[in-house]
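Got your viewer open? Here's a short tour of what to select, stop by stop.

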Amino acid sequence: MKKVILFLFVVMCVLCANAQGIYTKVTKYDKFDDVVWTRQVKTLITQTDTTFVIETKGEKPTEYRYLDTILFSSHEGRRDSIVNLVADVYGFQDKYVVFTQSDIDECVDKVMEELKDLPDSLVYKAKIKMLVVMELIGRMDKLPQITIRYISKYSFSYEYDTDLFWIRFPDGTRLIYKKD
């Protein structure tokens, strides 16, 4: 029994270590796809059901929030159904429009300013939440986008090759994180 528990513990440790998104290389591109700089630096990227936390060694962590809904995200392919992403690159990818806490605060402030003259009976949490989401939809072209691309070695079945994580900013620049 002890051997079984020890074996399961070792397997779980291996799976947990592989599940962490530790990227070793980051490249910044300008809007013309020219390389601005490249660095070898460890970056831990953690995804929850509503956030991405990007922790680059030696820098303050950055947190982006997202909504996994039809307007704010798209999913191309799956592990069991890979697609041709670009020019003979096969795999699957997820794209998200992301926003920071300051973006949310700005939207809440704007909505509360618009609702300040209404009676309290017409202002409730669900209405405020819906109006904040509508305000975010109006700002979508000014918000960053995150893409996570899982690349397969083969075009006919999925076998992990590498994955890329990148942030495309509204000005056209991109930060691309890669596992080497």
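We'll begin with the whole chain and then pick out smaller pieces.

**Stop 1: the whole chain**

Keep in mind that this is a predicted model. Show everything as a cartoon, and you'll have three helices and 10 strands to look at. Trace the chain from the N terminus and the elements come in the order α-β-β-β-β-β-β-β-α-α-β-β-β. Of the 180 residues in the protein, 31% are buried. Now think about contacts between residues with a separation of 6 or more: 47% of them join residues 24 or more positions apart.

**Stop 2: the largest nonpolar core**

Next, select Phe52, Ile146, Phe165 and Tyr177 and show their side chains. These four touch the most other members of the largest nonpolar core, which has 16 residues. Which strands feed this core with at least two residues each? Colour S1 (21-29), S2 (35-47), S3 (51-56), S4 (62-66), S7 (89-99), S8 (145-152), S9 (160-168) and S10 (174-178), and you have them. As a general point, nonpolar side chains tend to be buried together in soluble globular proteins.

Stay with Phe165 for a moment. Leaving out residues up to four places away in sequence, Phe165 touches Tyr23, Ile45, Phe52, Ile54, Ile146, Thr147, Ile148, Leu175, Ile176 and Tyr177.

There's also a second, separate core, with 11 residues; to find it, select Phe72, Ile104, Leu115 and Leu136, which are among them.

**Stop 3: Ile167**

Go back to strand S9 and click on Ile167. Is Ile167 buried or exposed? Its relative accessible area is 1%, so Ile167 counts as buried. Once its neighbours within four places in sequence are set aside, the contacts of Ile167 are Ile54, Tyr64, Pro144, Gln145, Ile146, Thr173, Arg174, Leu175 and Tyr177. Try a distance too: from the C-alpha of Ile167 to the C-alpha of Ile148 is 9.1 Å, for two residues 19 apart in sequence.

**Stop 4: two helices**

Select residues 101-115 for helix H2 and residues 125-138 for helix H3. The two pack at an angle of about 120 degrees, and their axes are 9 Å apart. That angle is why H2 counts as oblique to H3. The crossing of H2 and H3 is right-handed.

Want to see who makes the contact? On the H2 side, show Cys107, Val108, Lys110, Val111, Met112 and Leu115. On the H3 side, add Lys127, Ile128, Leu131, Val132, Glu135 and Leu136. Sorted by class, the H2 contact with H3 has nine nonpolar and three charged residues, with no polar ones.

**Stop 5: three loops**

Move to the loop between S1 and S2 and pick Asp33. What is phi there? The phi of Asp33 is near 65 degrees, a positive value in a residue other than glycine. Most residues other than glycine have a negative phi. With a relative accessible area of 47%, Asp33 is partly exposed.

Another positive phi belongs to Asp88, near 60 degrees, again in a residue other than glycine. You'll find Asp88 in the loop between strand S6 (83-86) and S7. Asp88 is exposed, at a relative accessible area of 65%.

Finish in the loop between S3 and S4, where Glu59 sits. At 43% relative accessibility, Glu59 is partly exposed. For a last distance, go from the C-alpha of Glu59 to that of Thr43: 9.7 Å separates these two, which are 16 residues apart along the chain.

How values were computed. Residues numbered from 1 in each chain as written. Predicted model: local features only at pLDDT ≥ 70, side-chain atom pairs only at ≥ 80, totals over all residues. Heavy atoms only, no water. Axes fitted to C-alpha atoms, helices over the stretch in contact; angles between N-to-C directions. Helix = DSSP H or I, 4+ residues; strand = E, 2+ residues; numbered from the N terminus. Parallel < 35°, antiparallel > 145°, perpendicular 65-115°, else oblique. Left-handed = near helix turned anticlockwise from the far one by under 90°. Contact = heavy atoms within 4.5 Å. Nonpolar A, V, L, I, M, F, W, Y, C, P; charged D, E, K, R; others polar. Core = buried A, V, L, I, M, F, W, Y, C linked by side-chain atoms within 4.5 Å. Buried < 20%, exposed > 50% of the residue type's maximum accessible area, 1.4 Å probe, protein only.
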